[in-house]
Amino acid sequence: MDKKTSTKFVISFMAALVAISLVLAWVMGRNYSKDTSKERKRIAEQVKALEDGSYTVDLSRGERLYGQFCMRCHGVDGQGSASAPTLVNSPALTASDEVLVKILSNGMKGKIERSGRKYDLVMPGFKMIPAIDLAHVSNYIRTKFSKNSEEVTLKDVLETKLKSVERKKAWTPQELNIPVKN
Ligand code: HEC
């Protein structure tokens with residue numbers, strides 16, 4: 001190969017690489033949006049299938065779920081630890097259902113101060129917990145750790161999930177509009 005041909009060869013090789021990566025990026029981007037629309041459809045169908053009153057609070061199931069998923073960070077009595085704030089009288093429990101469900105689904109991060117202790121950590125989200133169990137654990141922590149015992153229904157959970165289906169990151173207290181310090 002003379003010099004000219006090999007330069008041509010290198011240039012066309014690079015052009016092919018660029019083209020391939022563009023196609024790959026496009027395909028991956030399409031799959032990504034397809035996935036969330038599938039998820040959206042799945043949740044919308046669940047909402048539609050719900051009949052009025054089809055959710056019943058189950059606090060003992062909520063307590064078991066708390067023990068399984070939350071206690072290692074938030075403590076037996078929700079009193080918190082170095083790795084998580086106390087849930088006792090947490091402003092997240094007296095905020096709207098939507099705020100609570102958002103925290104449980106996607107987690108939370110950012111600076112907060114609770115009962116005189118400062119935190120700047122990340123709580124993981126619990127997307128894998130079925131919606132009905134998110135309702136049970138929400139109702140358990142609300143009744144157990146706050147004065148707010150207003151029921152979070154399965155429909156509330158599904159509707160919030162539907163609204164934030166594209167959300168991947170943890171929520172910040174600013175986005176949730178809950179106080180940074182209490
Ligand atoms: C790996 C540790 C960990 C686990 C497990 C965990 N959390 Fe958290 N949680 C945190 C941290 C850390 C924060 C605060 C994040 C920050 O610093 O902004 C938090 C914040 C919260 C808040 C908001 C508190 C407030 O006053 O702002 C609620 C409510 C909550 N968690 C509930 C739960 C529930 C319910 C579970 C179980 C389903 C759970 N957490 C599991 C670590 C955890």
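Q: Which of the 27 residues around the ligand come nearest?
A: In this predicted model, Cys70, Cys73, His74, Arg114 and Met123 come nearest to the ligand.

Q: What makes the pair formed by the side chain of His74 and a nitrogen atom of the ligand a polar contact?
A: The ligand nitrogen is 2.8 Å from an N or O atom in the side chain of His74. A polar contact requires N or O atoms within 3.5 Å, and therefore this pair qualifies.

Q: How do you know that Arg114 and Gly110 also make polar contacts with the ligand?
A: A polar side-chain atom of Arg114 lies 2.6 Å from a ligand oxygen, and a polar backbone atom of Gly110 is 2.7 Å from an oxygen atom of the ligand. Both values are within 3.5 Å, so both pairs count as polar contacts.

Q: Which helices and strands each supply at least two residues of the shell around the ligand?
A: They are helix 2 (59–74), helix 3 (91–94), helix 4 (97–106), strand 1 (108–114) and strand 2 (117–123). The shell residues divide into 20 nonpolar, four polar and three charged, and the space that the ligand takes is the largest pocket.

Q: Why is helix 4 called mostly covered?
A: A residue is buried when its relative accessible area is under 20%, and nine of the 10 residues of helix 4 are buried; therefore the helix is called mostly covered. Among the buried residues are Asp97, Val99, Leu100 and Lys102.

Q: What do the buried residues of helix 4 pack against?
A: Their partners include helix 3, strand 1, strand 2 and helix 5 (131–145). Just after helix 4, Gly107 takes a positive phi of about 85°.

Terms used: Residues are numbered from 1 along each chain as its sequence is written. This is a predicted model: local features need pLDDT of at least 70, side-chain atom pairs count only at pLDDT 80 or more; totals for chains, interfaces and linings use all residues. Side-chain values use heavy atoms; hydrogens and water are left out. A residue is near a molecule or strand if one of its heavy atoms lies within 4 Å of it. A polar contact is a pair of N or O atoms within 3.5 Å; within protein, one must be able to donate a hydrogen and the other to accept it, and residues adjacent in sequence count only if both atoms are side-chain atoms. On a 1 Å grid over the protein atoms alone, a cavity is a set of points where a 1.4 Å probe fits but cannot get out, and a pocket is an open set with protein on both sides within 12 Å along at least five of seven lines; lining residues have an atom within 4 Å of a point. A molecule sits in a cavity or pocket if more than half of its atoms lie within 2 Å of its grid points. Helices (H or I, at least four residues) and strands (E, at least two) are DSSP runs, numbered from the N terminus. Ala, Val, Leu, Ile, Met, Phe, Trp, Tyr, Cys and Pro count as nonpolar, Asp, Glu, Lys and Arg as charged, and the others, Gly among them, as polar. Buried means under 20% relative accessible area, exposed over 50%, partly exposed in between (1.4 Å probe, protein chains only). Contact means heavy atoms within 4.5 Å.
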